Amino acid sequence: MSEGTSTQPTISGKSTNVQSAEPLPQGWALKQSKKNTRFNDNQKAYLDERFKIGQTTGIKADPLQVSRDFRHARTENGERRFTINEYLSPQQIRSYFSRTAKKNK
């Protein structure tokens, strides 16, 4: 075997400065608060229809399924009943059904 010198890799002293074009404003990582909006009459009418169907049949409407149905609901003309901004989350629907059931008692 022959002995040799081992070489250690070295890192050059060059540094790369990466600076963003604009500094981030203070508080940029904080959650944004959402503005509360009330349901419009069209949304309330649709949710009331679905709630009443559940009352008469005895099979409660699943908020997740109702949320999906919001995206596919059509008027009698075949046009979309709701715009993208009017879609509701399952939690919003669950809360509405809860308030409606409490009101009926």
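**Close-up views of the predicted model**

**View A. Lining of the second largest pocket.** The lining residues comprise 4 nonpolar, 3 polar and 3 charged residues. The view, like those that follow, is taken from a predicted model. The residues in question are Arg-50, Phe-51, Gly-54, Gln-55, Lys-60, Ala-61, Arg-94, Phe-97, Ser-98 and Ala-101. At least two of the lining residues come from helix H1 (41–57), and at least two from helix H3. The space enclosed in this second largest pocket amounts to about 240 Å³.

**View B. Lining of the largest pocket.** The volume of the largest pocket is about 300 Å³. Its wall is formed by Lys-34, Lys-35, Asn-36, Thr-37, Arg-38, Phe-39, Lys-44, Gln-92, Tyr-96 and Arg-99. By class, these lining residues are 5 charged, 3 polar and 2 nonpolar. With 3 residues, helix H3 (residues 90–104) makes the greatest contribution to the lining of the largest pocket.

**View C. The side-chain pair Asp-48 and Tyr-96.** Asp-48 belongs to helix H1. Its relative accessible area is 27%, which lies between the limits of 20% and 50%, and Asp-48 is therefore classed as partly exposed. The side chains of Asp-48 and Tyr-96 are joined by a polar contact of 2.8 Å. Along the chain the two residues stand 48 residues apart, and their C-alpha atoms are separated by 9.3 Å. Tyr-96 is also one of the residues that line the largest pocket shown in View B.

**View D. Thr-100 and the backbone of Tyr-96.** Thr-100 is located in helix H3. Because its relative accessibility of 10% is under 20%, Thr-100 counts as buried. A polar atom of the Thr-100 side chain lies 2.8 Å from the backbone oxygen of Tyr-96. Tyr-96 thus appears in this view through its backbone oxygen, whereas in View C the side chain of Tyr-96 takes part in the polar contact with Asp-48.

**View E. Arg-81 and its surroundings.** The loop between H2 and H3 contains Arg-81. At a relative accessible area of 18%, Arg-81 falls under the 20% limit and is therefore buried. Its side chain forms a polar contact of 3.0 Å with the side chain of Asn-42. When neighbours within four places in sequence are set aside, Arg-81 is in contact with Asn-42, Ala-45, Tyr-46, Glu-49, Ala-73, Arg-74, Thr-75 and Glu-86.

**View F. Arg-74 and the backbone of Gly-78.** Arg-74 is placed in the loop between helix H2 (63–72) and H3. Its relative accessible area of 47% lies between 20% and 50%, so Arg-74 is partly exposed. A polar atom of the Arg-74 side chain is found 3.2 Å from the backbone oxygen of Gly-78. Outside the range of four places in sequence, Arg-74 is in contact with Glu-79, Arg-80 and Arg-81. The last of these, Arg-81, is the subject of View E, where Arg-74 is listed among its contacts.

**View G. Thr-56 and the backbone of Ile-53.** Thr-56 is part of helix H1. Its relative accessibility of 67% is over 50%, and Thr-56 therefore counts as exposed. The Thr-56 side chain reaches the backbone oxygen of Ile-53 at a distance of 3.0 Å.

**View H. The whole protein, for orientation.** The protein contains 3 helices and 0 strands, and the order of elements from the N terminus is α-α-α. Of its 105 residues, 21% are buried; Thr-100 of View D counts as buried, and Arg-81 of View E is also buried. About 10,000 Å² of the protein is exposed, of which carbon and sulfur atoms supply 50%. Considering contacts between residues at least 6 apart in sequence, 56% join residues at least 24 apart.

Methods. Residues are numbered from 1 along each chain as its sequence is written. This is a predicted model: local features need pLDDT of at least 70, side-chain atom pairs count only at pLDDT 80 or more; totals for chains, interfaces and linings use all residues. Side-chain values use heavy atoms; hydrogens and water are left out. Helices (H or I, at least four residues) and strands (E, at least two) are DSSP runs, numbered from the N terminus. Buried means under 20% relative accessible area, exposed over 50%, partly exposed in between (1.4 Å probe, protein chains only). Contact means heavy atoms within 4.5 Å. Accessible areas come from the Shrake-Rupley method with a 1.4 Å probe; for residues, only the protein chains shown count as cover. On a 1 Å grid over the protein atoms alone, a cavity is a set of points where a 1.4 Å probe fits but cannot get out, and a pocket is an open set with protein on both sides within 12 Å along at least five of seven lines; lining residues have an atom within 4 Å of a point. Grid points are joined across faces, edges and corners, and a volume is the space filled by probe spheres set on the points. Ala, Val, Leu, Ile, Met, Phe, Trp, Tyr, Cys and Pro count as nonpolar, Asp, Glu, Lys and Arg as charged, and the others, Gly among them, as polar. A polar contact is a pair of N or O atoms within 3.5 Å; within protein, one must be able to donate a hydrogen and the other to accept it, and residues adjacent in sequence count only if both atoms are side-chain atoms.
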